[in-house]
Amino acid sequence: MTAVPFFRPNISDREVALVGESLLSGWLTSGPKVAEFESNFADAVDAKFAVALNSCTAALHLALLAAEVGPGHEVLVPTLTFAATAETVLAVGAVPVLVDCTDELLIDMEQAEALVTERTRAIMPMHYGGRPADMQAVCELRKKHPQIRIIEDAAHAFPTRHELGMIGSIGDATCFSFYANKTLTTGEGGMLTTNDEAIADRARRLSLHGLSRDAWARFETRSAWDYDIVEAGWKYNMTDAAGALGLVQLERALGFAEERRQIAMAYDEAFAEVPGIRPRPLGDISANACHLYVLRVDPEELGGRTRDGLIAALGEAEIGTSVHYRPLHMHSYYSKTMGFEPEDFPVAADQFSRIVSLPVFPGMTDAEQNSVIGAVLNFAAG
Ligand SMILES: Cc1ncc(COP(=O)(O)O)c(C=O)c1O
């Protein structure tokens, strides 16, 4: 059987050429390539503004600050997410209020609504695996409670569509990740998109120390040395070489997404009738970025064999896997500081014991896909 990594980056000669050109241009920090990447990305998600940053974590942090979320506020966060979604809430001095997930592994909007108080200032739906959260319900919640801002964690969700529009064009701010294994990569990187000019301006300013103008603007103007610190900020901007990488990856991203969808459909077909192995529903696949492909293992139907057994069997076949995620409330920091027990969010805790993410990446060969399918079927057959 062919060994399969969990993920393999897809970098062509075109990325190498444009990054090389950028490095030799004399402009290393945020400059023309970042500006072009921002403009093209905003167009791709139908957003008015895009601010390129050095991570999605930075984007989440700045989105919360720009939306004026801070001490005394509560923010609704799914427990089934990555560290960044909640730690940025803590970073601005607000309290993350964890919410259980649905069987689709998306934020449970009924529970979210029940947890709203007069201190709730934001909700952070996470589009798990590239499948959109229930944005209809999220937008209705905002209508009922106009103080609530929508800050989307779209680390997995380019390109993801919802009936309300492209992810990136719906909430007050949407935060994308361009980390190495994401659907579009700049090595490390992120993007904040918004239709609110005030949020875009403040995020951009905070990304560069709270300076009144960025280096690119300084370069273009005559008074190049002058700037004013209008508030205390951070250093979160994207380099131009990363912007160049992003520009080419963005051009290839729709093709990448189509490849991932084909792989997900092949897996779905192979596993549809296998007892004890339950694929996470993909929803409308044409709208799903298919960043992750997740199987659920039912030990009850597999004579007690578990998710960990499947991971070990795939490991022996040299197939990479991952688990997305141990729910936040089951990490020692959150359980100690907030007093959580695993059963406080029973759906997430149960799903966590069953889920495994299989390799899905553009450029995956037929032999690699067959190797993964064969190893899963072997395990299920006992
Ligand atoms: C759901 C989610 N949110 C946020 C992040 C943070 O992204 P970054 O590494 O670009 O900061 C990740 C990264 O894996 C993620 O999976």
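This is a short tour of the structure, stop by stop.

**Before you start**

The model is predicted, so local features are described where pLDDT is at least 70, side-chain atom pairs count only at pLDDT 80 or more, and totals for chains, interfaces and linings use all residues. Residues are numbered from 1 along each chain as its sequence is written.

**Stop 1: the whole chain**

Show the protein chain as a cartoon. It has 13 helices and twelve strands. Helices (H or I, at least four residues) and strands (E, at least two) are DSSP runs, numbered from the N terminus. Along its principal axes, the C-alpha trace spans about 75 × 55 × 35 Å.

What is the radius of gyration of the protein chain? It is 21 Å, which agrees with the value near 21 Å for a compact globule of 382 residues. This radius is taken over C-alpha atoms, and the globule rule is 2.2 Å times the number of residues to the power 0.38.

Buried residues make up 50% of the 382 residues. A residue is buried if 20 or more other C-beta atoms lie within 10 Å of its own, exposed if 12 or fewer, and partly exposed in between; C-beta atoms are placed from the backbone. Now think about contacts (C-beta atoms, placed from the backbone, within 7 Å). Among contacts with a separation of 6 or more, 71% join residues 24 or more positions apart.

**Stop 2: around the ligand**

Select the ligand and the 14 residues around it. A residue is near a molecule if its C-beta atom, placed from the backbone, lies within 6 Å of it. Which residues come nearest? They are S55, C56, T57, A155 and S177. Helices α3 (56–66) and α4 (83–91) are the elements that give two or more residues to this shell.

Colour the shell by type. Six residues are nonpolar, seven are polar and one is charged. Here Ala, Val, Leu, Ile, Met, Phe, Trp, Tyr, Cys and Pro count as nonpolar, Asp, Glu, Lys and Arg as charged, and the others, Gly among them, as polar.

**Stop 3: strand β5**

Select residues 149–153, strand β5. Five of the five residues are buried, so this strand is largely enclosed by the rest of the structure. In a regular strand the side chains alternate between the two faces of the sheet. In β5, R149, I151 and D153 point one way, while I150 and E152 point the other way.

Add the neighbours. Strands pair if DSSP finds at least two bridges between them. Strand β4 (residues 120–123) pairs with β5 in the parallel sense over two bridges. Look for I123, whose bridge partner in β5 is I150. Strand β8 (residues 173–177) also pairs with β5 in the parallel sense, over three bridges. There, D153 has C175 as its bridge partner.

Now show helix α6 (residues 135–144): with β4 and β5 it makes a right-handed β-α-β unit. Right-handed means that, with the strands pointing away from the viewer, the path from the first strand over the helix to the second runs clockwise.

**Stop 4: strand β9**

Move to residues 190–194, strand β9. Are its faces covered or uncovered? Both are covered: G190, L192 and T194 on one side and M191 and T193 on the other are all buried. Strand β1 (residues 49–53) pairs with β9 in the antiparallel sense over five bridges. F49 has T194 as its bridge partner. β8 and β9 are antiparallel too, over four bridges. In that pairing, F176 is matched with M191.

**Stop 5: strands β11 and β12**

Select residues 293–297 and 355–358. Four bridges join these antiparallel strands, β11 and β12. One pair to find is V294 and S357.

**Stop 6: backbone oddities**

Most residues other than glycine have a negative phi, and most peptide bonds are trans. Look at four exceptions.

- The bond from F158 to P159 is cis, with omega near -5°. P159 lies in the loop between β5 and β6 (161–162).
- The bond from H324 to Y325 is cis, with omega near 5°. Y325 sits in the loop between α10 (307–316) and α11 (332–338).
- E68 has a positive phi, near 60°. E68 counts as partly exposed, because it has 14 C-beta neighbours inside 10 Å.
- C290 has a positive phi, near 50°. C290 is buried, with 25 other C-beta atoms within 10 Å.

Definitions and conventions
Contact = placed C-beta atoms within 7 Å.
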